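Thanks for coming. I will take a few minutes to walk through one structure, starting from a single residue and working outwards.

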Amino acid sequence: VKPENNCIVIFGASGDLTHRKLIPAFYHLYANGLLSEKFAILGVSRTEYSDQAFRDKLKAALEASEKVDEATLDAFCQHLHYQALNTSDVEDYAKLKHRLDDLGQQNDTQGNTTFYLATPPSLYSVIPECLAAHGLNDESQGWKRLIVEKPFGYDLASAEVLDEKLHQHFKEHQIYRIDHYLGKETVQNLLVFRFANGMFEPLWNRNFIDYVEITAAEFLGVEERGGYYDGAGAVRDMFQNHLLQVLSMVAMEPPAAINADSMRDEVVKVMNSFQPLSESDLHNNLVLGQYTASDVRGDHLPGYREEQGVADDSRTETYVGLKMFIDNWRWSGVPFYVRTGKRLPTRVTEVVIHFKKTPHPMFSANAPKNKLIIRIQPDEGILMRFGLKKPGAGFESKEVSMDFHYESLEETNMLTAYERLLLDSMKGDATLFARSDAVTACWKYVQPILEYKENPEHLYGYAAGTWGPKEADTLLANDQREWRFPC
Ligand code: BG6
């Protein structure tokens, strides 16, 4: 089913996100015939452009970054429009309203409008207020939806303030908080894998699972985003949102149905069961690290403090590793080891489920334990590791693999995370968007880490291109375990 005719207003239209993610996503949706019959995309920012100049700029960016079909691209560009606006000046929004009325009529949108906030976070509460002053939040004629990019707040208090401000002008059902990890095909597959397979579901609990690892590693450093990142760090940038969302998909109870309310009720329930971090957890179960300069495969990689926009004496973490627990019936006592970092050896996101040993070791004492590896990206797939008898005399066992790769499916036309989420929002499906209570629950959980990291007792260095500080290995070694190093 295609979305209804609608207008999409992108605030922050001259910014990086619009060029790199949003416009390519809209283009692919369009090229695959997934958008509504009629639609208009209206870019908004302070810079003056004509419609044509805006189209030319985005067209050139698309041609440079994608394989495009020229005729399709030209047709797509006809849907792009531009309005210069002083986003902090409420009076100026009269221009936007006027433009939307015109575009609405031309495209028979019945007033259906999505407002996408791809701006610096300082504008997240200003724009909705200005929209409301011109009645652009009013759903008496067509739906009005607000998509909010991360970071959704800076800590618990600021997230609550932002939420309150948004709720003054938009109702919760109108607000779509993007966490692009939820749009990833393989993150959604966690649900199908868990709840559609009688063979795994009964084992998915403390009786059979020994521990769980979640890794989101990136090879890239902070690139041009040092200014933002130095104020955020890995805890805010990746852990509080993406990793805790993925963890919730691994750990949640089965929802009554796959719809926004049932799904998000279960997500919040498990988030509210994260065992609060005590002082001793912060000292013993948390490892913060920062990358230092190193030569990797003949390239010199600068240290974090040498990156553009980063303070020379920065104490911001680019790595976080944490051992955490979930206090509920299913997971009591099962450690979840979660880590993310920049400048690790490779880009990989995966979940590893480690199963317990059989009760009585009949063969060799060091027989392998079963592992299920769910690769979120790249090379999306599922890998099962288990023991087999080594051919020959005796009963020696050996670890072998069963490996499924998504690319072997015939239907390989996977939507990217942004494509999926933009489409869902235009269809009014909020299942894969973070609800207000989930965002709050995650901030509440990480708040002690935020306070601790202001003045951490230890911030360990690690050479760029390695798997983080060795203290993160000790975190598992203390429990006679080790990380999987997926290279
Ligand atoms: C973003 C973070 O949310 O996610 C970036 O701000 C990070 O720092 C990115 O690089 C990772 O996303 P992906 O989809 O490449 O894993």
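**A walk outwards from one histidine**

His242 is buried, with a relative accessible area of 1%. Before I go on, please keep in mind that this is a predicted model. I begin with His242 because UniProt, in an unreviewed entry, places the feature "active site" there. The residue is found in helix α8. If we set aside neighbours within four places in sequence, His242 is in contact with Lys150, Asp179, His180, Tyr181 and Asp237.

Two of those contacts lead to the next annotation. Which residues carry the feature "binding site"? The unreviewed UniProt entry puts that feature at His180, Lys184, Glu218, Asp237 and Lys342. I will take His180 and Asp237 in turn.

Asp237 sits in helix α8, which covers residues 226–251. Is Asp237 buried or exposed? Its relative accessible area is 2%, and under 20% counts as buried, so Asp237 is buried. Beyond four places in sequence, Asp237 is in contact with Lys150, Arg225, Tyr228, Tyr229, His242 and Lys342. Lys342, one of these, is also on the UniProt list for "binding site". Lys150 appears among the contacts of Asp237 and among those of His242.

His180 is placed in a loop, between β6 (175–177) and α7 (185–195). With a relative accessible area of 22%, His180 is partly exposed. The cut-off matters here: buried means under 20%, so at 22% His180 does not count as buried. Its contacts, again without neighbours up to four places away, are His242, Ala417, Tyr418 and Leu421.

Now to helix α8 as a whole. How many of its residues are buried? The count is 23 of 26, and α8 is mostly covered. The helix has a kink of about 100 degrees, centred on Gly233. Helix α9 (residues 260–271) crosses α8 at roughly 105 degrees, and the two axes come within 9 Å. That makes α8 roughly perpendicular to α9. From the α8 side, Leu244, Gln245, Ser248, Met249 and Ala251 take part, and they meet Met263, Val267, Val270 and Met271 in α9.

Next, the sheets. β6, which borders the loop of His180, belongs to an open sheet of six strands, with the order β3-β2-β1-β4-β5-β6 and parallel pairing. Which strands stand at the edges? They are β3 (80–84) and β6; each has a single partner strand, so one side of each is left without a neighbour in the sheet. On average, and ignoring direction, neighbouring strands here are turned by 20 degrees against each other.

At the β3 edge, β2 (residues 39–45) and β3 pair in the parallel sense over five bridges. Ser45 has Ala84 in β3 as its bridge partner. There is also a helix on this sheet: α5 (residues 126–133) lies across β1 (6–11), β4 (113–117) and β5 (144–148). Relative to β4, α5 runs at about 155 degrees.

A further strand to look at is β8 (residues 286–292). Six of its seven residues are buried, so β8 is largely enclosed by the rest of the structure. What are the senses of its pairings with β11 and β17? With β11 (residues 319–324), β8 pairs in the antiparallel sense over four bridges. With β17 (residues 460–463), β8 pairs in the parallel sense, also over four bridges. As a landmark for the β11 pairing, Leu288 stands opposite Val320. For β17, Thr292 stands opposite Ala463.

Two last residues, away from the annotations. Asp424 lies in helix α11 (residues 417–427). At 7% relative accessibility, Asp424 counts as buried. Setting aside neighbours within four places, Asp424 is in contact with Asp429, Leu432 and Phe433.

Pro378 is in the loop between β14 (371–377) and β15 (381–389). Is Pro378 buried or partly exposed? It is partly exposed, with a relative accessible area of 36%. Not counting residues up to four places away in sequence, Pro378 touches Arg347 and Val348. Its C-alpha atom is separated by 30 Å from that of Leu450, which is 72 residues away along the chain.

To go back to the start: His242 is buried, and His180 and Asp237 are both among its contacts. That is where I will stop.

Definitions and conventions. Residues numbered from 1 in each chain as written. Predicted model: local features only at pLDDT ≥ 70, side-chain atom pairs only at ≥ 80, totals over all residues. Heavy atoms only, no water. UniProt positions renumbered as here; feature names shortened; annotations may be inferred. Helix = DSSP H or I, 4+ residues; strand = E, 2+ residues; numbered from the N terminus. Buried < 20%, exposed > 50% of the residue type's maximum accessible area, 1.4 Å probe, protein only. Contact = heavy atoms within 4.5 Å. Pairing = 2+ DSSP bridges. Axes fitted to C-alpha atoms, helices over the stretch in contact; angles between N-to-C directions. Bend = angle between axes of the 7 residues up to and from the residue. Parallel < 35°, antiparallel > 145°, perpendicular 65-115°, else oblique.
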